[in-house]
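Grab a viewer and something to scribble on. Here are some exercises to work through, each with its solution spelled out.

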Amino acid sequence: MSEAPILELNGISKFFPGVRALEDVKFDLRPGEIHGLMGENGAGKSTFIKIITGVHSPDAGEIRIDGNAVTFRNPMEAQRLGVAAIYQHVTSYPDLTVAENIFMGHEKTTSVVRRINWREMHEEAQVFLDQLGANFTSRDRMGSLSVARQQIVEIAKALSTNARIIIMDEPTAALTQHESEELYRITEGLRESGVSVIFISHRMEDIWRLADRVTVFRDGHYIGTWGADEIDQERLIVAMVGREISQMYPKRSVTIGDELLSVEHLTRIGFFRDVSFNVRAGEIVALTGLVGAGRTEVCESIYGVYPADSGTVRLNGEEISPRSPMEALELGIGHLPEDRQLQGLILEWEIGRNITLPSLSHYSNNGWLDEAQETEVAARLAEKLTVKAPSVFTLASALSGGNQQKVVVAKLLSRSLKLIILDEPTKGVDVAAKAAICEIIGDLAEQGYGIILVSSEMPEVLGMSDRIVVMKEGHVTAHLVTSETSQEEILNAAMVVKTPATATPEGGAE
Amino acid sequence: MSNEIRIRTERERNWREFFFQWEWILVGVLLLVVIINSSISPYFLNFNTFIRTPATFLDKGFIVLPMMFVLILAKIDISVGSTVALSAVIMAVSYNAGLPMPLAMLLCLVVAGLGGAINGWLLIKFKELSFVIVTLSTMIIYRGIAYIILGDQASGGFPDWFSFLGWGEIFGVPFILICFVLVAIAFGLLLHRTTFGRSVFGMGRNATACRYSGVNTDRVVWIVFMLNGLMAGVTALFLTSRMGSTRPNVAMGYELEVIAMVALGGVSTNGGIGRVGGPLLAVFIIGFLSYGMGLANLQAPIVLVVIGTLLIVSVLVHRIRFQSKKKNSAV
């Protein structure tokens, strides 16, 4: 197969403030091909799709369709050239009919008064549905359909815009085994009719079953493209997680102390079930798994944000059940939240005020605030964590992602803590800041804090931690010792390899 | 850590920013109102008249202070007018039923504080309820209870000394003005000099981040709404004293006037921004404006039109100021 590519991207880069989302990425799609796109969370897949569909424009690089360089000023222009995307979460109008959803934005109208031509619309919608082998009609209400059927409507919608390039963003994530089979059949049907498909998935199964070729991104970089028959699962995983662990994460030898935290059979209904693990003083325990595995929720329960329904948490042997972050902080548990901008910082506030927010009572005489002392403490902590800001009165919003994250860590250090929970501390920060934050985490362990490190990034997990707890769909699937494990072992415990979506066996209507 | 970083702790004094404050505009507007008033009535600028005028409008000023906290929290409380009526009615009825007046006054404050605390409690317990719905409901309920207790009639006959609250003077200065200044200082200190005030500002900006940072957010909400109710009780005392009797329909629309004063004073309805000086100036601007229009024999609805216009202008001016500030914020 050496046909001219229908879609070709070269040297694509995209920067967001403080983050390099994509750098010099390339990709090509042949006519009538299913091309798998894989990568860890944060590898740049979503940004990449947004560039192809005209949502973002790249800061550098060129896009060619049928060999002609194009620039999309908005999604409509991409659509006109035959690009359509089907997103993970179906974005439809549940109260409208299937036909209305298919033709939303490009309704069939009569020529003169532009009245909607319902008959023609339903007829044409039905043609697409029949072509896709759908067993429902164009007059059904969208909201009455299962997720799988709604996806079929989305595909019909893409066909109705004469799409020649269809992007599917984790379409099988919410489907049952049977429904996924149905989707595979439809996708193969599209390939036969000459449509090219970019298929994004975390599931190995999807890739082996469907893809002709597979491309891997990592940390915003292009890693490689292989024919699906040229690469095996092991090598694919290695391509996704990379190998640069040793330089980024110099692991220090720390004397590990007594057990600090023990979590037993912790359950919060609907989020996680029967989670048990422990953390010792000076130890870094990584909590890993795919996004949505329940890691964040476990941490938030330990921190008292959403108390668990059952199970016990012990700190220094004493049973605790904080009902709020305030109580958790008083017990000596600190938490760096996953969403730095929403949960971690008051962006419009000065960094000094942000740093002292958790410890306001330390600078109070019977409630009166001692601002001089507060400012002094904030400055010392910011210096200790090498926050790059000219003054404690600099607004948090003016800092880069990495420096913002250092401010959040400084907030934790303003309290006297025993256990620190870090939820994705290096998410969305550039490489230099990532290294600095990892160094800080190492320092904290050295000082005897027990640390729970939630991370999706394999190199970070393997490079920083002493032990690893892997979660999948709300359960702990593996307890591993870092020095005796491998990325493959972790990913096998974290990923759904054999059966798609075992969590929702009866999710559909089939 | 290796590389040395030095972070400044001295705040830069910026004179341009000092003069570029909303409060100066309010001072200008206040002066303008005073000048217009004195051109309508030559007696207005007479010291004795001038110092007594605030007694005619300061009663609702007491609610402006805690309402400022409510708006900084990015919430609104529209039940305060009804709280005034309910606490005033309960005070009058319990006095006439034989309760000694000091106890009846205390009861007035307790009822009002409780009314506010109920708002706070509802907001904490049922986080899915919006503050508008909660305080709209209690606004209707509190007014309804006042009507049930007293029916559509007046109740009064208070002891003579009670009128001192609204009419009394100390060295020629109205007692209510002295009380207002003292309470305003207390609320100003609470807002700007305490950890509690800091928490209120933080929650107005980002309540989620405050909760994650260990701020007792429920307690802050509860206290702010309780204070709002309590000060509605203080308003009830002064209002009843000045009128000599009370009815279930007193203080109708106070909530909106109070919120208008707070907003005119430069407190953002989006939360997180505000200083005590602005709303204080706004109390006097709107008070003197209404008084002056009374002098000029203009009807009350015209006063409302003027106040509404002022409010829109204040929001617009704020926006312009904010945008120009954003441009300079690269510092």
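The exercises below start with whole chains and end with single strands and residues. Keep in mind that this is a predicted model.

**Exercise 1. Work out whether the radius of gyration of chain A and of chain B agrees with that of a compact globule or disagrees with it.**

Step 1: take chain A. For 510 residues, a compact globule would come out near 24 Å, and chain A has 25 Å, so the two agree.

Step 2: do likewise for chain B. Its 331 residues would give a compact globule a value near 20 Å, and chain B has 21 Å, which again agrees.

Step 3: put box dimensions next to that. Along the principal axes, the C-alpha trace of chain A spans about 75 × 45 × 45 Å, while the C-alpha atoms of chain B fill roughly 75 × 55 × 35 Å.

Step 4: add burial. In chain A, 50% of the 510 residues count as buried; in chain B, buried residues make up 45% of the 331.

**Exercise 2. Describe the make-up of each chain: how many helices and strands are there, and what share of the contacts is long-range in sequence?**

Step 1: count elements. Chain A comes to 18 helices and 22 strands, and chain B has 14 helices and four strands.

Step 2: look at contacts between residues at least 6 apart in sequence. In chain A, 69% of these join residues at least 24 apart. In chain B, residues 24 or more positions apart account for 78% of them.

Step 3: split chain A into domains. The assignment gives domain 1 (7-241), domain 2 (244-332 + 417-510) and domain 3 (342-415). Domain 2 is written as two segments, 244-332 and 417-510. The C-alpha centres of domain 1 and domain 3 of chain A lie 44 Å apart.

**Exercise 3. Characterise the side of chain B that touches chain A: which helix gives the largest share, and what classes of residue are there?**

Step 1: size up the interface. On chain B, 27 residues are in contact with 34 residues of chain A.

Step 2: find the main contributor. Helix α10 (residues 195-212) of chain B supplies the largest share of chain B's side, with 12 residues.

Step 3: sort by class. Chain B's side has eight nonpolar, 12 polar and seven charged residues.

**Exercise 4. Lay out the six-stranded open sheet of chain A, and say which strands stand at the edges.**

Step 1: write down the order. The strands of chain A run β16-β19-β20-β13-β21-β22, with mixed pairing.

Step 2: pick out the ends. β16 (333-336) and β22 (475-481) of chain A each have a single partner strand, so one side of each has no neighbour in the sheet. From one strand to the next, the twist averages 15 degrees.

Step 3: check the β16 end. β16(A) pairs in the parallel sense with strand β19 (residues 419-423) of chain A over four bridges, and A:Gly334 stands opposite A:Ile420 there.

Step 4: move to β13 (residues 284-288) of chain A. Over four bridges, β13(A) pairs parallel with β20 (residues 450-454) of chain A, where A:Ile284 has A:Ile451 as its bridge partner. β13(A) also pairs parallel with β21 (residues 467-472) of chain A over four bridges, with A:Ala286 opposite A:Ile468.

Step 5: ask about burial. Five of the five residues of β13(A) are buried, so this strand is largely enclosed by the rest of the structure. A:Ile284, A:Ala286 and A:Thr288 cover one side, A:Val285 and A:Leu287 the other.

**Exercise 5. Trace the partners of β11 (residues 259-268) of chain A, then place A:Arg273.**

Step 1: start with β12 (residues 272-280) of chain A. β11(A) and β12(A) run antiparallel and are joined by six bridges, one pair being A:Arg268 and A:Phe272.

Step 2: inspect the turn. The two strands form a hairpin with three residues between them, and A:Gly270 in the turn has a positive phi of about 90 degrees.

Step 3: find the other partner. β11(A) also pairs antiparallel with β14 (residues 310-315) of chain A over five bridges, and A:Thr267 stands opposite A:Ser310.

Step 4: now A:Arg273, which lies in β12 of chain A. It has 18 C-beta neighbours inside 10 Å, so A:Arg273 counts as partly exposed. Leaving out residues up to four places away in sequence, A:Arg273 touches A:Thr267, A:Gly474 and A:His475.

Methods: Residues are numbered from 1 along each chain as its sequence is written. Chains are lettered from A and ligands numbered from 1 in the order in which they are written. This is a predicted model: local features need pLDDT of at least 70, side-chain atom pairs count only at pLDDT 80 or more; totals for chains, interfaces and linings use all residues. Domain bounds come from an automatic or database domain assignment. The radius of gyration is taken over C-alpha atoms; the globule rule is 2.2 Å times the number of residues to the power 0.38. A residue is buried if 20 or more other C-beta atoms lie within 10 Å of its own, exposed if 12 or fewer, and partly exposed in between; C-beta atoms are placed from the backbone. Two residues are in contact if their C-beta atoms, placed from the backbone, lie within 7 Å. Ala, Val, Leu, Ile, Met, Phe, Trp, Tyr, Cys and Pro count as nonpolar, Asp, Glu, Lys and Arg as charged, and the others, Gly among them, as polar. Two strands pair if DSSP finds at least two bridges between them. Axes are lines fitted to C-alpha atoms, for helices over the stretch in contact, and angles run from 0 to 180 degrees between N-to-C directions.
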